[in-house]
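Please look over the sequence and the model below before reading on. The report is meant for a reader who has not met this structure before.

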Amino acid sequence: MKILVVDDVPLMRHVLINMLRNLNYLDIVEATDGIQAFTLLKKQAFDLVITDLYMPKMDGKDLLNRIRNDEQLTSTPVLMVTCEDNSKTIKNVIAAKVSGIIVKPFSLKCLADHLNHVLATANKS
């Protein structure tokens, strides 16, 4: 399983990557924003994208839209991570066909549960 982790805050990427490693996900690539992430997605295959919502240059919602509108990437599961609790914003992300949303802060169990759900759903399609 190859996972792309996208967050502009190095500490958040580090924490998320360590959590993923604790869950035995070891093939992980990092990106600092949506532009870098989309470039990586066009060059190599990923089984899952975990992205922050708010980032400079290209945010997580724009990245999600680009993935969903790209014929080769459209079925890639995308898990959005955010500290946003505004229901309108969350509804907009859901409407953009995000695979799952995790609100920060979250536990290792919460991440594991969301990953299991997103990957099980992706495997059904």
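The text that follows goes from the overall fold to the interior and then to single residues.

## Overall form

The model is predicted, and its secondary structure comes to 5 helices and 5 strands. Read from the N terminus on, these elements run β-α-β-α-β-α-β-α-β-α. The C-alpha trace spans about 35 × 30 × 30 Å along its principal axes. The radius of gyration of the protein is 13 Å, which agrees with the value near 14 Å that a compact globule of 125 residues would have.

Of the 125 residues, 47% are buried. The protein exposes about 6,800 Å², and carbon and sulfur atoms supply 52% of that area. Where contacts join residues at least 6 apart in sequence, 62% of them are between residues at least 24 apart. As for charge, there are 15 positive and 14 negative charges, and their mean positions are 3 Å apart.

## The interior

Which residues of the largest nonpolar core touch the most other members? In this core of 24 residues they are Leu4, Val6, Leu41, Val49 and Leu63. At least two residues of this core come from each of E1, E2, helix H2 (34-43), H3, strand E4 (78-82) and helix H4 (87-95). Helix H2 gives the most to this core, with 4 residues.

Leucine 63 can be followed in detail: if residues up to four places away in sequence are not counted, leucine 63 touches Val6, Gly34, Ala37, Phe38, Leu41, Val49, Thr51 and Met58. Apart from the largest core lies another one, of 18 residues, with Ile17, Leu20, Leu48 and Leu79 among them.

## Aspartate 7 and methionine 19

Is aspartate 7 buried or exposed? Its relative accessibility is 7%, and because buried means under 20%, aspartate 7 counts as buried. Aspartate 7 belongs to the loop between strand E1 (2-6) and helix H1 (10-22). Not counting residues up to four places away in sequence, aspartate 7 touches Met12, Arg13, Ala31, Thr32, Asp52, Met55 and Lys104.

Methionine 19 is likewise buried, with a relative accessible area of 12%, and its place is in helix H1. Leaving aside neighbours within four places in sequence, methionine 19 is in contact with Phe106, Ser107, Leu108 and Leu111. Between methionine 19 and serine 107, which are 88 residues apart along the chain, the C-alpha atoms are separated by 8.8 Å.

## Exposed loop residues

The table gathers four exposed residues with their places and their relative accessible areas.

| Residue | Place | Relative accessible area |
|---|---|---|
| Asparagine 24 | loop between H1 and strand E2 (27-31) | 63% |
| Lysine 57 | loop between strand E3 (48-52) and helix H3 (60-68) | 70% |
| Lysine 97 | loop between H4 and E5 | 59% |
| Proline 105 | loop between strand E5 (100-103) and helix H5 (108-124) | 80% |

Some of these residues also have notable backbone angles or contacts. What is the phi of asparagine 24? Phi of asparagine 24 is near 70°, a positive value in a residue other than glycine. Lysine 57, which is not a glycine, has a positive phi of about 70°.

Lysine 97 is exposed, with a relative accessible area of 59%, and, not counting residues up to four places away in sequence, lysine 97 touches Leu64 and Arg68. The C-alpha atoms of lysine 97 and phenylalanine 38 are separated by 17 Å, while the two residues are 59 residues apart along the chain.

Proline 105 follows a cis peptide bond, the one from lysine 104 to proline 105, with omega near -10°. Lysine 104 is also one of the residues that aspartate 7 touches. Because exposed means over 50% and the relative accessible area of proline 105 is 80%, proline 105 counts as exposed. The C-alpha atoms of proline 105 and leucine 48 are separated by 20 Å, and these residues are 57 residues apart along the chain. Leucine 48 is among the members of the core of 18 residues.

Methods: Residues are numbered from 1 along each chain as its sequence is written. This is a predicted model: local features need pLDDT of at least 70, side-chain atom pairs count only at pLDDT 80 or more; totals for chains, interfaces and linings use all residues. Side-chain values use heavy atoms; hydrogens and water are left out. Buried means under 20% relative accessible area, exposed over 50%, partly exposed in between (1.4 Å probe, protein chains only). Contact means heavy atoms within 4.5 Å. A nonpolar core is a set of buried Ala, Val, Leu, Ile, Met, Phe, Trp, Tyr and Cys residues joined through side-chain atoms within 4.5 Å. The radius of gyration is taken over C-alpha atoms; the globule rule is 2.2 Å times the number of residues to the power 0.38. Accessible areas come from the Shrake-Rupley method with a 1.4 Å probe; for residues, only the protein chains shown count as cover. Lys and Arg count as positive and Asp and Glu as negative; His and the chain ends are not counted. The place of a charge is taken as NZ of Lys, CZ of Arg, CG of Asp or CD of Glu.
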